[in-house]
Structures are given as structure tokens and as C-alpha cells.
Amino acid sequence: MKDEDLRDLNLPGYEIPPELAGQLAITTLDRVYNFGRRSSIWPMMFGLACCAIEMICAQAGRYDMARFGMEVMRPSPRQSDVMIVAGTVTKKMMPAIVRLYNQMAEPKYVVAMGACASGGGPFKEGYNVVAGIDKYLPVDVYIPGCPPTPQALVAGMIKLQEKIDKQSIKHVRWYDGKKEDSVAVAIPYLGPDLIDPRRIPEIKAKSMELAQPPAPAAEA
């Protein structure tokens with residue numbers, strides 16, 4: 001390991017003897033575990049709209065996300081741990097996006113890149129657009145812009161690294177054995193409109209309420 005890597009791992013307050021400097025680090029399991037994960041982020045290689053062009057630029061030589069350990073974009077969700085939702089999310093595409101997310105192995109993260117993925121953007125009132133990916137998937141980092149620049153994407157990924165640094169294997173859902181936190185996200189299906197299976201009981205209750213005849217007005 002490089003000297004600067006060992007400095008990142010060393011816990012403050014513990015002095016390393018001069019003869020062992022650069023060879024020994026005193027740290028915790030959480031810090032080593034998070035250091036390995038944050039330094040090997042593998043985004044999934046897919047894009048939805050114009051934000052994907054900026055994502056491609058961020059991987060090219062000028063911005064070079066490889067400097068931060070984010071360069072390996074995988075074409076398979078089973079080999080990825082970050083989903084960068086780059087572009088407009090249509091209702092027709094939403095079931096496929098949720099299916100890809102469910103196929104990713106834990107730990108996994110979601111980055112909403114741009115105004116469309118974050119809240120619908122200029123197409124928010126469109127009949128065919130989902131007003132934010134967070135209606136279906138848990139989002140870890142939001143990157144504003146229409147589209148955000150490659151520098152903004154790099155900054156957002158660094159924020160994701162900072163979030164990973166603060167996690168502990170004692171509390172994360174993929175390690176503590178809490179099965180209820182690891183249930184796959186329900187895949188929405190497209191009928192006359194996009195239907196979230198999690199809201200079916202609510203929809204049925206509202207339908208029954210509307211189907212009941214109105215109560216007769218009381219006579220004066």
C-alpha cells in the first residue's frame with residue numbers, strides 16, 4: 001500500500017513508531033472494510049437520456065474517474081454496486097430499472113443524476129414520465145443539473161464515498177441479518193398507467209370508497 005493509503009487508515013490518537021512508519025496501521029474493521037468498498041466502486045453501464053453523455057465524458061481522459069476508484073463500469077447488474085440513473089425515467093422503462101436494481105448484489109447504492117432522475121425535470125407533468133426515481137428506489141445521492149457536468153458527477157460520487165466511510169457493518173442491512181431490510185423492491189407493471197404493487201391495497205380501498213353510493217341527505 002502507498003504511504004498516503006496507510007495515513008487514511010490510521011486512527012487518530014495512535015502514534016506509530018518511526019521505524020514502522022509506512023509499514024503498520026492501527027485501525028478498525030469498519031475502516032478497512034469501508035476503505036476497500038469506497039476505493040472500488042463499480043457503476044452499472046447503462047444510461048437513459050442526455051445525462052448519460054455527461055457520464056461517459058466523466059469516464060474519459062479529461063476527468064478520469066479512475067483516479068477515485070470508480071472506473072470499472074460493468075455491463076451486468078450482478079457485478080455492479082452503484083446504479084447511476086442518468087436521464088429521464090419513463091414509465092415504460094421503470095419496471096426494467098427496478099428489475100436491474102434487484103439483480104445487483106449488496107451492498108448497492110443509487111445515484112440520481114440530473115433533474116429528470118431526481119424529480120422529473122422539465123418533463124415532470126408529462127403523462128409518460130416518472131417524477132423522480134426515489135418513488136421506487138432508495139436514492140443515496142442526488143446530483144442537480146440539466147444535465148449536470150462531468151465535474152458534478154465526480155463530486156456526487158465523492159459524496160457517495162463519504163457516505164460509505166461513515167457506515168458500520170454492525171448496522172447495515174446486508175450484514176446484520178435483518179431479512180425484512182433485504183426484501184427485493186416490488187417491480188411495477190405498466191397497464192393504462194404505471195402501477196406500484198405496494199400501493200394496490202390503497203388503490204382497492206379508494207376504489208371501494210368511490211363505488212359506494214353517497215349517503216342520502218338528511219331532510220330538514
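This report describes the fold of one protein chain, then its first strands, one buried residue and two charge-over-ring contacts.

**The chain as a whole**

The model is predicted. Its protein chain contains 7 helices and 5 strands. Read from the N terminus, the order of these elements is α-α-α-β-α-β-α-β-α-β-β-α. The chain has 220 residues, and 35% of them are buried. Its exposed area comes to about 13,200 Å², of which carbon and sulfur atoms supply 58%. Contacts can also be sorted by separation in the sequence. Taking those between residues at least 6 apart, 70% join residues at least 24 apart.

**Strand β1**

Strand β1 covers residues 82-86, and 5 of its 5 residues are buried. Which residues lie on each side of β1? V82, I84 and A86 are on one side, while M83 and V85 are on the other, and both faces are covered.

The partner of β1 is strand β2, residues 109-113; the two pair in the parallel sense over 5 bridges. Within this pairing, V85 has A112 of β2 as its bridge partner, and A86 stands opposite M113 of β2. The link between the two strands includes a helix: β1, helix α4 (residues 94-103) and β2 make a right-handed β-α-β unit.

**Strand β2**

Why is β2 described as largely enclosed by the rest of the structure? The description applies because 5 of the 5 residues of β2 are buried, and a residue is called buried when its relative accessible area is under 20%. The side chains can again be split by direction. Y109, V111 and M113 point one way from the strand, V110 and A112 point the other way, and all are buried.

Besides β1, strand β2 pairs with strand β3 (residues 141-143), in the parallel sense and over 3 bridges. The bridge partner of M113 in β3 is I143. M113 also stands opposite A86, a residue of β1. Another right-handed β-α-β unit is made by β2, helix α5 (residues 114-119) and β3.

The two strand pairings are listed below.

| Strands | Sense | Bridges | Helix in the β-α-β unit |
|---|---|---|---|
| β1 and β2 | parallel | 5 bridges | α4 (residues 94-103) |
| β2 and β3 | parallel | 3 bridges | α5 (residues 114-119) |

**A buried residue in a helix**

N34 belongs to helix α2, which spans residues 29-38. Is N34 buried or exposed? Its relative accessible area is 3%, so N34 is buried, the cut-off being under 20%. Which residues does N34 touch, leaving aside its neighbours within four places in sequence? N34 is in contact with I164, D165 and Q167.

**Aromatic rings and charges**

How many aromatic pairs does a search of the whole structure find? The count is 0. Aromatic rings do, however, have charged residues placed over them. The charged end of R74 sits over the ring of W42, at 5.3 Å from the ring's centre. In a second case, K108 lies over the face of Y101, with a distance of 4.2 Å from the ring centre.

Methods:
Residues numbered from 1 in each chain as written. Predicted model: local features only at pLDDT ≥ 70, side-chain atom pairs only at ≥ 80, totals over all residues. Heavy atoms only, no water. Helix = DSSP H or I, 4+ residues; strand = E, 2+ residues; numbered from the N terminus. Buried < 20%, exposed > 50% of the residue type's maximum accessible area, 1.4 Å probe, protein only. Contact = heavy atoms within 4.5 Å. Areas by Shrake-Rupley, 256 points an atom, 1.4 Å probe, with all protein chains shown as cover. Pairing = 2+ DSSP bridges. Right-handed = clockwise from strand over helix to strand, strands pointing away. Phe/Tyr/Trp six-rings, centres within 6.5 Å; stacked < 30°, edge-to-face > 60°. Lys NZ or Arg CZ within 6 Å of the ring centre and 35° of its normal.
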